[in-house]
Amino acid sequence: MKKVVVGVLVFVFVLSVGTGFAADIPYLTGWVNDYADILSPDSRRIIAEQLKSHEERTGNQIAVLTVPTLDGESIEEYAVSVFKVWKLGQKGKDNGILIVVVPAERKMRIEVGYGLEGTIPDGVAGGIIRDVMTPRFKTGDYNGGLEAGVQAIISVLEGGAAPPVQKFSAGNKAAQGVFLEMPDMTIFERILLGAFIFGIIGLFTVLGIVTPGGGGWFLYFFLIPFWAMFPIVVLGAMGAFYLFVVYLIGFPLAKVLFRNSKWYDSAVKKMQKGQSGIGGFPFVTGRSDNSWSSGSSSGSGFSGGGGTSGGGGASGSW
């Protein structure tokens with residue numbers, strides 16, 4: 001019971017710390033909300049006039065937001081939070097779009113309301129980010145990047161052509177190796193997720209190495225798909241591949257080396273008698289007269305129009 005209480009307190013503490021460092025949601029002041037101060041006055045005016053004119057023609061509500069930093073929060077979660085507070089788009093139509101740019105972290109996102117996901121699916125939003133905005137952002141041209149991105153979105157919404165999908169040539173680095181697009185995560189998110197993933201599969205890997213007999217080899221083969229896929233989220237495709245090779249070779253080598261230890265010989269003898277224990281957890285291999293049981297448990301001016309978003313859209317970096 002004491003461990004349960006401690007665990008709950010730790011969870012609440014981590015949750016409160018994460019919430020305390022989340023990026024603030026600024027006030028919605030107009031079609032262009034340049035809190036990072038990266039746009040010139042002329043560019044703000046041009047973009048605002050484009051968005052205002054588009055809203056008058058179609059009813060679609062598009063807003064631009066630039067912020068200096070996300071304070072460790074993912075841009076996907078931040079964009080959804082802003083969209084929820086600002087309520088972009090008309091209620092019932094959910095025809096709002098939010099463009100978020102974080103220059104200090106070199107991240108951007110186009111968040112699309114439910115009602116416009118059919119017109120601007122994730123692939124189209126990603127194409128606008130990749131082919132229209134990113135090349136200009138890489139040169140420091142935030143004015144040109146946002147103006148062109150806004151114009152591309154308006155063009156698609158009003159029946160124009162979407163930006164062409166980028167094709168990877170033979171000389172493209174992504175085409176030469178294994179390519180897998182992964183969600184954008186901060187270094188803190190990767191550390192926390194990595195600790196969770198490797199903590200679990202690492203524990204079972206150690207148990208497999210020190211467990212005598214066929215049980216250890218069963219864990220070896222059982223963990224192969226986990227070592228093949230889970231690390232991709234943290235390390236990317238190539239990093240996960242190298243780690244997977246290390247697991248395939250390192251596990252048998254470690255098991256062979258461990259077999260020479262005195263502890264291993266003692267465990268084998270105990271197993272031959274019917275029971276062997278590792279770390280206080282029994283592994284029963286012989287005959288038993290009683291079935292195992294667990295302890296008892298019990299269950300117990302300009303403003304948004306009310307639109308919503310379910311996380312559709314795309315993110316990018318430069």
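D94 is buried in this predicted model, with a relative accessible area of 15%; buried means under 20% relative accessible area, exposed over 50% and partly exposed in between, for a 1.4 Å probe and protein chains only. Residues are numbered from 1 along each chain as its sequence is written. Because the model is predicted, local features need pLDDT of at least 70 and side-chain atom pairs count only at pLDDT 80 or more, while totals for chains, interfaces and linings use all residues, and side-chain values use heavy atoms, with hydrogens and water left out.

**Two residues with positive phi**

D94 sits in the loop between helix 3 and strand 3. Helices (H or I, at least four residues) and strands (E, at least two) are DSSP runs, numbered from the N terminus. Although D94 is not a glycine, its phi is positive, at about 50°. Most residues other than glycine have a negative phi. K87 also has a positive phi without being a glycine, with a value near 55°. K87 lies in the loop between helix 3 (75–86) and strand 3. Is K87 buried or exposed, or something in between? With a relative accessible area of 42%, K87 is partly exposed. Along the chain K87 and G113 are 26 residues apart, and their C-alpha atoms are separated by 9.6 Å.

**Two buried polar residues**

N33 belongs to strand 1 (residues 32–34) and is buried, at 1% relative accessibility. If you set aside its neighbours within four places in sequence, N33 is in contact (heavy atoms within 4.5 Å) with Y27, L28, A63, V64, L65, T66 and W86. S43, in helix 2, is buried as well, with a relative accessible area of 1%. Leaving aside its neighbours within four places in sequence, S43 is in contact with N143 and E147.

**The nonpolar cores**

A nonpolar core here is a set of buried Ala, Val, Leu, Ile, Met, Phe, Trp, Tyr and Cys residues joined through side-chain atoms within 4.5 Å. The largest has 34 residues, and I97, I99, I110, I120, M133, L146 and I153 touch the most other members. At least two residues of this core come from each of helix 2 (41–58), strand 2 (61–66), strand 3 (96–102), strand 4 (107–112), helix 4 (122–138) and helix 5 (142–157). Which element gives the most to this core? That is helix 5, with nine residues. Another core, of 15 residues, lies apart from it and includes L70, V82, L98 and V102. In soluble globular proteins, nonpolar side chains tend to be buried together.

L146 is worth a look on its own. Neighbours within four places in sequence aside, L146 is in contact with L39, I47, V64, T66, I99, V101, M133 and F137.

**How the helices pack**

Three helix pairs are set side by side below. Axes are lines fitted to C-alpha atoms, for helices over the stretch in contact, and angles run from 0 to 180 degrees between N-to-C directions.

| Helix pair | Angle | Axes |
|---|---|---|
| Helix 4 and helix 5 | about 155° | 8 Å apart |
| Helix 7 (residues 187–210) and helix 10 | about 20° | 11 Å apart |
| Helix 8 (residues 214–222) and helix 10 (residues 232–258) | roughly 170° | within 11 Å |

Angles under 35 degrees count as roughly parallel, over 145 as roughly antiparallel, 65 to 115 as roughly perpendicular and the rest as oblique.

With its angle of about 155°, helix 4 is therefore roughly antiparallel to helix 5. Their crossing is right-handed, the near helix being turned clockwise from the far one by less than a right angle. V124, I128, V132, M133, R136 and F137 in helix 4 meet a set of helix 5 residues that includes L146, A152, I153 and V156. The residues of this contact divide into eleven nonpolar, three polar and one charged. For such tallies Ala, Val, Leu, Ile, Met, Phe, Trp, Tyr, Cys and Pro count as nonpolar, Asp, Glu, Lys and Arg as charged, and the others, Gly among them, as polar.

Helix 7 and helix 10 pack at about 20°, so helix 7 is roughly parallel to helix 10. This crossing is right-handed too. Among the contact residues are I197 and F198 of helix 7 and Y247 and F251 of helix 10. The contact comprises 13 nonpolar, three polar and two charged residues.

Helix 8 crosses helix 10 at roughly 170°, which means that helix 8 is roughly antiparallel to helix 10. G216, W217, L219 and Y220 in helix 8 meet Y247, L248, F251, P252 and K255 in helix 10. Seven nonpolar, one polar and one charged residue make up this contact.
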